[in-house]
Amino acid sequence: MRVILSIAATSVGEAIRRRVLLVILLAGLLLLSILPGLSVLSARGEAANLVSTMYFVLQGTSVLIAIVLAVYMIPNEIERRTIYVILSKPVTRWQFLLGKYLGAVFAVGLMMGLMTIVALVLFWISQRPDAGRLAQLAQGPFMFFVQMCLLAAVTIFFSTFVSPLVNFFLSVGMYLMGTTLNSLYDSFVKNPDVNPLVRLAGQAVTTVLPNFSYYNVSNPLIHPEVEIQNPLTYYVNVTGYGVIYIMGLLIAGILIFDRREV
Amino acid sequence: MGVAMKKLVVWIAVLAIVQGALSNIVVRPRYARDFAPKSTREGGQLPSELIFLQFFGFREFLAGMLWVRADEFFERGNYDAILPIIRLVTWLDPHYIDVYATGMWHLGYNFTDEESRSDRRYIPFALALGEEGAANNPTTYEMFFETGWMWFHKIDDDYHKAIEWFLRANERPDILPARRNLLAVAYQRAGQIDEALNWYFKLLRDAEERLAKHKEYTFRMNRDTIEGNVDNTLVRMAQRGHFAMQRNDGSYETGAYDTRPPFDVGFSARIMVEEPLVIRVEGTWNVLPVGTRIRMVLRDADYEFGVPAGMVWDHAKDVNLDPPTDLTFMQDSLYVKNRRFSRRIDLSKDPTMYPFSKKTYILEFYYNPRSAPAHMQDKFGWSGEGMTDRNFLDTKIREGQRVMYCKLEMTQDQILRRGEWFDRTPVIKTTNFVPPRAGASPEGEVIIVPGLRAGAAKEGGPAPTGGQGGNGGPIATGVANP
């Protein structure tokens, strides 16, 4: 475990030093900081718009950070040949891959944490909500973080067998697919005109692919008058779903990476 | 493949099965229930071509940005551009209550012709939008109240529907105390006076409880207002003979109640088509206080959802932003002053709103005391028991009410001044219509204001007569005298 954590810590340090990630982060922070000035609607509409735009910036920036970060995690080591140095020590390939993944997750978490704090402070300055509302708003970024962990796992998995450029588009594609899965599922299940075989295939695809839309829980957070019964149970379930999916992806990644020539 | 590898493959298979089960059995139903936009009515679901707007789950952000854009359109008066945005926003974010409420109001009130008459063809869709908004936001009172308000204020005729929605709004704990009062008014306008009083008493009890807990000015004001409403209602119930009628012992018929004897409103009307699609409506209303508004409806004779002096307002099953462009439904209010009304109505400037594509039309005049202000109801009663009209009193078109209703017919040729009416002025009138004296004009500056109770008919002269009695009344069609 110490080895994995050590690789993770090194990866976090590398991530923080990467200019492209810092530029994305800075752009996100800048966008967040101008949001309170954009509102022109009624008081309630203004608050709803502020929160939805805040989440948009936070989630959009996080997606970019997670993919750009994870896409280069392993290829960079291979390209710079530092992987030989690492693997020549008593470090197995699975430990290396797991360490890299955890490093990506920690780095994404760090950057998301920073953006969340800035967003909440700005929201507090412009709307003066109570602590309960702030805590409620923080639930959104937490679920986005789990979503980013899943996305990072997808990207790391792909990075074990495809080039960074292909991986980038594959990961973005998977994310886009994953965020529309529920609507696709609905259109398959509820449409009586769909051929049963096609419906079955659709159900299979929507079951196998990672469902990123489960983590878009922002609607009731944007509209606090919407009452959700026991949201914590849902958060636990969907986090469990993410963890299981991530474990599957990492194991599959280990299997592929273990057989790969580096 | 080594044993370890095989174990890993087995692990992947197990995890895949677990995640599939978790996803389909546990997470997806809960997500669909609490977090996904729901389809509660036909048309409430995000259309398939818009599914991709959900990319990244940014539905709410897109909805917010679109709503900001709609605000800009509104500022510029570009109302037509707002409608598709409203529909899109409510699809993307069905919990955006402001959009539902504003959308309803916009559909119901803002689409008007050149003379500020709203396009009533939109109202069924406004109600459908309200219903969808209420179904998507069942935990808050707002859309229930807004839909009730549309029935109460805009439709202003079927108060039972308003009560239905206000009751549902009152079931929600977040309803504002001041908004609860409106249910009592709706009860009164629906003729359910005892229910109105009971509701006021309930509100009074609640207000007193609140005041006992919080000695604040607002709560005291609220309590005092309700108390005043209770007093007013009781006085009106007594003066309008409500208690006497309930006793049903003949005391109402012999008592000196404000609603006794019924007052003859002496309605008569004449419609002249002065130019193609320009009509002048004038007539009499033998009630002296200024400000009566007689409802006038001009619609296709075969209007699918038409009912006397209105339509089945909640017939729309879907929110359709394009009203039927081949149908005509015009509703206006005729303002009465000095016991006469005269109004020139120009329908030529809004061909999309008034296409007049059918052969025959119905012209209806309607007065319902339930929509009248309190000082008129003091004489006419809540349900018209203090009102009569020797020609046009109707007790059938509105159950349990005595209303004035007059129905005339016109043809497309008459309205468009075509065919035989090309060089003649079509005139349609009730036979009791008495032309105004020379020089007397309802648009004059002098207003005669005696009270209703002091023998108003005597002071103002006898009610115009000449009819033969019965609903539907005597009607004459002819050519204007030179």
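This is a short tour of a predicted model, with suggestions for what to select at each stop.

**Stop 1: where the two chains meet**

Colour chain A and chain B separately and look at the contact they share. Chain B puts 40 residues into the contact, and chain A puts in 47. Which elements of chain B give two or more residues to the side that touches chain A? They are H1 and helix H2 (59–76) of chain B. Select H1(B) to see the largest share of that side, 17 residues. Sorted by class, the side of chain B that touches chain A holds 23 nonpolar, eleven polar and six charged residues.

**Stop 2: a helix from each chain**

Keep H1 (residues 3–34) of chain B on screen and add helix H11 (residues 231–259) of chain A. Their axes come within 8 Å and cross at roughly 155°. Because of that angle, H11(A) counts as roughly antiparallel to H1(B). The contact of H11(A) with H1(B) is made up of 20 nonpolar, five polar and two charged residues. As for its handedness, the crossing of H11(A) and H1(B) is left-handed.

**Stop 3: just before H11(A)**

Now step back along chain A to Asn230(A), in the loop between helix H10 (218–222) and H11 of chain A. Asn230(A) isn't a glycine, yet it has a positive phi of about 50°.

**Stop 4: a helix to check with a ruler**

Stay in chain A and select helix H6, residues 93–127. How far apart are its end C-alpha atoms? They are 50 Å apart, which agrees with the 51 Å that 35 residues should span at 1.5 Å a residue. Go on to Arg128(A), which follows H6(A): its phi is positive too, near 50°.

**Stop 5: the two domains of chain B**

Hide chain A for now. Chain B is divided into domain 1, residues 48–243, and domain 2, residues 263–479, so give each a colour. Where they touch, 29 residues of domain 1 of chain B are in contact with 30 residues of domain 2 of chain B. On the domain 1 side, helix H3 (79–92), helix H5 (123–136), helix H8 (177–189) and helix H10 (217–239) of chain B each supply at least two residues. Which of these gives the most? H5(B) does, with seven residues. By class, this side of domain 1 of chain B has twelve nonpolar, three polar and 14 charged residues.

**Stop 6: H5(B) and its partner H4(B)**

With H5(B) still selected, add helix H4 (residues 97–110) of chain B. The two pack at an angle of about 165°, with their axes 8 Å apart. H4(B) and H5(B) are therefore roughly antiparallel to each other, and their crossing is left-handed. To see the contact, show side chains on H4(B), including Tyr100(B), Met104(B) and Leu107(B). Then do likewise on H5(B), where Phe125(B), Leu129(B) and Gly133(B) are among the residues taking part. The contact of H4(B) with H5(B) has eight nonpolar, four polar and no charged residues.

**Stop 7: a cis bond**

Finish in chain B at Pro261(B), which lies in the loop between helix H12 (251–254) and strand E1 (263–264). Zoom in on the peptide bond joining Arg260(B) and Pro261(B): it is cis, with omega about -15°.

Conventions: Residues are numbered from 1 along each chain as its sequence is written. Chains are lettered from A and ligands numbered from 1 in the order in which they are written. This is a predicted model: local features need pLDDT of at least 70, side-chain atom pairs count only at pLDDT 80 or more; totals for chains, interfaces and linings use all residues. Axes are lines fitted to C-alpha atoms, for helices over the stretch in contact, and angles run from 0 to 180 degrees between N-to-C directions. Helices (H or I, at least four residues) and strands (E, at least two) are DSSP runs, numbered from the N terminus. Angles under 35 degrees count as roughly parallel, over 145 as roughly antiparallel, 65 to 115 as roughly perpendicular and the rest as oblique. A crossing is left-handed if the near helix is turned anticlockwise from the far one by less than a right angle, and right-handed if clockwise. Ala, Val, Leu, Ile, Met, Phe, Trp, Tyr, Cys and Pro count as nonpolar, Asp, Glu, Lys and Arg as charged, and the others, Gly among them, as polar. Two residues are in contact if their C-beta atoms, placed from the backbone, lie within 7 Å. The expected span of a helix is 1.5 Å times one less than its number of residues.
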